[in-house]
Amino acid sequence: MENTEKTEGKRLEEELFNSKKSGWETASDEEKGMIFKFSDEYMDFLNRSKTEREFVVSAKTILDQNGYRDIKDVETLSAGDKVYSINRDKSMYIAVIGNSRLEEGLNLVGAHIDSPRLDIKPNALYEDTELAYFNTQYYGGIKKYQWTAIPLSIHGVIVKTNGEKVYVNIGENEDDPIFTITDLLPHLAQEQMKKTLSDGIDGEDLNLLIGNMPYKDEGINEKVKLNILKLLNDKYGIKEADFLSSELEIVPAFNARSLGFDKSMVAGYGQDDKVCAYGALRAIMEANVQGKTAVCILADKEEIGSMGNTGMMSQTFDNFIAELLNKSGENRPNLLNKVFCSSSMLSADVGAVYDPIYASVSDRTNAALSAYGVSFDKYTGGKGKSGGSDANAEFIAKVRAILERNNIRYQITELGRVDVGGGGTIAYILADKGIEVIDCGVPVFSMHSPYEVTSKFDIYSAYRTYKVFYEEA
Ligand code: MN
Ligand code: MN
């Protein structure tokens, strides 16, 4: 007869070890169905929202359809009210007022909606050898060689001196032309190929090819440039000088797609950090907010240091919370500081996933594994946690308890091996205000590349985490 009794060692192992397992192994068919449905909706949203401005438009549309109001149109606030504030079309704060008084603190989830890309320079358009180009400056930490020889699209605004704003989105529809940055053929690249990856493509050579057809007039010097300007003038009513007051962003023209024979992953541009931003947006809209007021931050400029009046360091965020206090009739001197010191937050940003092809940069036991659930980075920074925000153990225990009672898979990880590198998020900016905060997001392959990869299991796990945090923190 076979002995099915567990040994004492086996029993102890099950009780004491923190056993880790892929989320797919334990997900039910019903849960898999929800994961795939959520991921489809996410990819659809992402394809319409490749820039921070487009993300704000897409989010506003959904919020307006679901009873949210612009806070500037609201006189007073009380429990159950749902408001948002849009900051210069590029960042956004959303709140659902809870039953508790604001002074007892807020439950915040904060993500960023800007992503690495190329920006068009103010003096953008030039012609060389009957080819027309846009000059660019890169935005955020990119590997420049990844941005050549791929289809690119142009998104953004051109603002004329009369205040008229022209919206540009070209290269996304099947009928649209696309653009590209050319690279050298291998046959003639002997010298280039000897360079390091960081020097192989010079930043000043990231010039977008936009045309080659001359305007027919013998008396003109730059005929191709003139022809492009004529086309742009016909389509948008702009002149060359109008580029001086434009924000045009160059992003990959390809759409987000399911990845793998099993369709278990998402490949797409801008998942850092729109995957967390979308999850946070869905979470605040779907959470049953009873206790503390829920606040969702969709920040701009994280990729270049969170500076500027649309970045997380801006006073516009404090002003939004002050407005909540004013309009709920609670405000009094110095209350804002007290609110912050009583609040807790998930800094919803992506982290590095353990990639077996590049295993040497990770400590495998502390790395985030794909499909093992939302990943918390207790600390960020580099070289001995320098410059990072280090979450308090007491706060982590509280968050763990919420996740475990809701049966949500999570992992507590770090970004890379000791002394290999490091990174930061908006977490430290909120921690500076006195808020309890921990980084918490979806692990990503090929982060900051034109085509980032995430696990659908982790995408759904992050969304569920943000939702229960709003309900129970
Ligand atoms: Mn990020
Ligand atoms: Mn990033």
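Here are some exercises on this predicted model, each with a worked solution.

Before you start, note that residues are numbered from 1 along each chain as its sequence is written, while chains are lettered from A and ligands numbered from 1 in the order in which they are written. Local features need pLDDT of at least 70, side-chain atom pairs count only at pLDDT 80 or more, totals for chains, interfaces and linings use all residues, and side-chain values use heavy atoms, with hydrogens and water left out.

**Exercise 1. Which residues coordinate the manganese ion (ligand 1)?**

Step 1. Look for donors, meaning N, O and S atoms within 2.8 Å of the metal (3.2 Å for Na, K and Ca); water is not among the atoms, so sites may look incomplete.

Step 2. You should find His 112 through NE2, Asp 272 through OD, and Asp 349, listed twice through OD, at 2.1 to 2.7 Å.

Step 3. Now place two of them: Asp 272 belongs to helix H8 (residues 271-286) and Asp 349 to the loop between strand S14 (344-347) and strand S15 (351-352), so this pair ties together parts 77 residues apart in sequence. Helices (H or I, at least four residues) and strands (E, at least two) are DSSP runs, numbered from the N terminus.

**Exercise 2. Which residue coordinates both manganese ions?**

Step 1. List the protein donors of the manganese ion (ligand 2): Asp 272 (OD), Glu 303 (OE, listed twice) and His 448 (NE2), at 2.1 to 2.6 Å.

Step 2. Asp 272 bridges ligand 1 and ligand 2, and these manganese ions lie 3.3 Å apart.

**Exercise 3. Are Asp 272, Asp 349 and Glu 303 buried or exposed?**

Step 1. Recall the cut-offs: buried is under 20% relative accessible area, exposed over 50%, and partly exposed in between (1.4 Å probe, protein chains only).

Step 2. Asp 272 has 3% and is buried; Asp 349, with 9%, is buried; Glu 303, at 12%, also counts as buried.

**Exercise 4. What span should helix H13 (residues 456-472) have?**

Step 1. The expected span is 1.5 Å times one less than the number of residues.

Step 2. For the 17 residues of H13 that gives 24 Å, and the end C-alpha atoms are 24 Å apart, which agrees.

Step 3. Check the cover too: 13 of the 17 residues are buried.

**Exercise 5. Which strands stand at the edges of the open sheet?**

Step 1. Write the order of its nine strands, S1-S2-S3-S13-S4-S14-S20-S16-S18, with mixed pairing. Two strands pair if DSSP finds at least two bridges between them.

Step 2. Strand S1 (69-70) and strand S18 (410-413) each have a single partner strand, so one side of each is left without a neighbour in the sheet.
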